[in-house]
Amino acid sequence: MKYSIALVRGDGIGPEVIGQAVRVLDAAGGIFGHAFTYEEVLAGGCAIDRTGAALPPGAVETCRAADAVLLGAVGGWKWDSLPGGQRPETALLGLRKGLGLFANIRPALLFDALAGACPLRPELTAGGLDIVVVRELTGGIYFGEKGTRQTEDMGLLAYDVEQYSEEEVRRIGRVAFDMARKRGKKLTSVDKANVLESSRLWRRVVTELAADYPDVVLSHLYVDNAAMQLVRAPRQFDVIVTGNLFGDILSDEASMITGSIGMLPSASLAQGNFGMYEPVHGSAPDIAGQDKANPMAAVLSAAMMLRYTFDLRAEADAIEAAVKAVLDAGYRTPDIFTDGMKCIGTAETGSRIIERIRKP
Ligand code: IPM
Ligand code: MG
């Protein structure tokens with residue numbers, strides 16, 4: 001089979017980590033008999049430098065024409081002084097909205113070999129951590145009405161509107177229930193229904209959906225309590241579903257408690273099989289171009305792409321197992337290096353993963 005992938009290498013370490021993900025994909029393709037073709041898409045800070053726009057005309061269309069999108073990272077201090085509407089991050093929001101990527105899947109997995117990197121006391125994580133945050137990605141306060149206006153007595157006023165429709169909540173709720181059904185059958189919906197009207201709607205719609213999923217245990221938490229529970233007793237969580245802003249915050253928290261935010265992949269899915277896959281980490285301009293970046297999150301994002309968009313489960317399993325085997329063999333990029341381990345660079349990490357890809 002042939003699969004077409006739009007590559008948004010982006011800024012900072014983005015090009016380096018995507019370079020390794022492509023090597024790994026091609027190697028897995030060779031072993032399993034698939035061909036991947038790539039279409040380069042310019043977006044982010046590099047696109048601002050070359051064309052003046054973070055998301056140049058045609059970028060969304062090129063991505064849409066592909067079967068899936070693989071993205072490195074966008075942004076960096078070079079563009080930090082640009083006004084809000086022109087920053088590299090707008091490319092990310094434009095791709096999400098333009099491609100209808102409403103469901104953001106962010107697994108927070110504690111790798112056995114990296115258990116020591118977890119900042120929580122060992123007794124809190126004994127037995128491992130395997131949480132998935134399902135974040136609504138194209139609605140809420142990120143995309144509600146926003147603006148500023150001059151007031152008479154209080155100076156300038158700025159506002160961003162948080163809003164959700166029943167249909168928006170229902171479709172993300174279904175993704176989360178389906179995910180919970182395939183995993184530990186526990187779903188925690190996070191909102192702020194004690195204060196926000198949009199959260200009361202969220203809670204009602206998620207509760208209604210539960211009737212279709214009698215095998216999944218649903219619970220609700222207020223976001224402040226959820227943030228606290230994640231560090232107090234993280235093993236109570238299986239799948240967490242929440243809105244765009246709460247999901248942004250909680251997914252960073254969930255990934256940090258695994259101690260390896262640089263290791264984590266993500267998927268942003270549209271209705272159907274289309275998706276955009278990217279490491280959770282940012283562009284890390286301070287180490288860009290030095291062969292120091294950890295490409296594992298990008299490689300694992302490619303594996304998620306194989307699993308979710310292409311339904312190539314054995315291939316995804318093989319890549320994930322190869323990453324785990326590299327860690328078990330003691331190889332570490334500087335971000336996860338500890339005494340006694342073997343420190344290696346970006347490209348060598350790619351090679352070590354490739355060596356360990358096996359057909360079952
Ligand atoms: C993320 C990032 C983005 C977000 C930023 C860069 C716009 O923090 O993907 O979590 O807030 O969604
Ligand atoms: Mg974020």
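**Exercise 1. Determine which residue forms a salt bridge with Arg-203, and establish which parts of the chain the pair ties together.**

Solution. In this predicted model, the partner of Arg-203 is Asp-191, and their closest N and O atoms are 2.8 Å apart. The criterion for a salt bridge is a side-chain nitrogen of Lys or Arg within 4 Å of a carboxyl oxygen of Asp or Glu. Next, place each residue: Arg-203 belongs to helix α7 (residues 197-209), while Asp-191 belongs to strand β8 (residues 186-191), so the salt bridge ties together parts that are 12 residues apart in sequence. The structure as a whole holds 24 salt bridges.

**Exercise 2. Identify the residues around ligand 1 and sort them by class.**

Solution. First, list the shell: Glu-89, Arg-96, Arg-106, Arg-135, Tyr-142 and Asp-248. Then assign classes, counting Tyr as nonpolar and Asp, Glu and Arg as charged. The result is five charged residues, one nonpolar residue and no polar residue.

**Exercise 3. Describe the polar side-chain atoms that lie by the oxygen atoms of ligand 1, and state how far the protein covers the ligand.**

Solution. Begin with the arginines. A polar side-chain atom of Arg-96 is 2.7 Å from a ligand oxygen, and a side-chain N or O atom of Arg-106 is 2.8 Å from an oxygen atom of ligand 1. Turn then to Tyr-142, where a polar side-chain atom lies 2.6 Å from an oxygen atom of the ligand. On its own, ligand 1 has 320 Å² of accessible area, of which the protein covers 72%. Finally, consider the site: the space that ligand 1 takes is the second largest pocket.

Definitions and conventions
Residues numbered from 1 in each chain as written. Chains lettered and ligands numbered in written order. Predicted model: local features only at pLDDT ≥ 70, side-chain atom pairs only at ≥ 80, totals over all residues. Heavy atoms only, no water. Near = heavy atom within 4 Å. Polar contact = N/O pair within 3.5 Å; in protein donor to acceptor, adjacent residues only side chain to side chain. Areas by Shrake-Rupley, 256 points an atom, 1.4 Å probe, with all protein chains shown as cover. 1 Å grid on protein atoms, 1.4 Å probe; cavity = no way out; pocket = protein on both sides within 12 Å on 5 of 7 lines; lining within 4 Å. Sits in = over half its atoms within 2 Å of the grid points. Helix = DSSP H or I, 4+ residues; strand = E, 2+ residues; numbered from the N terminus.
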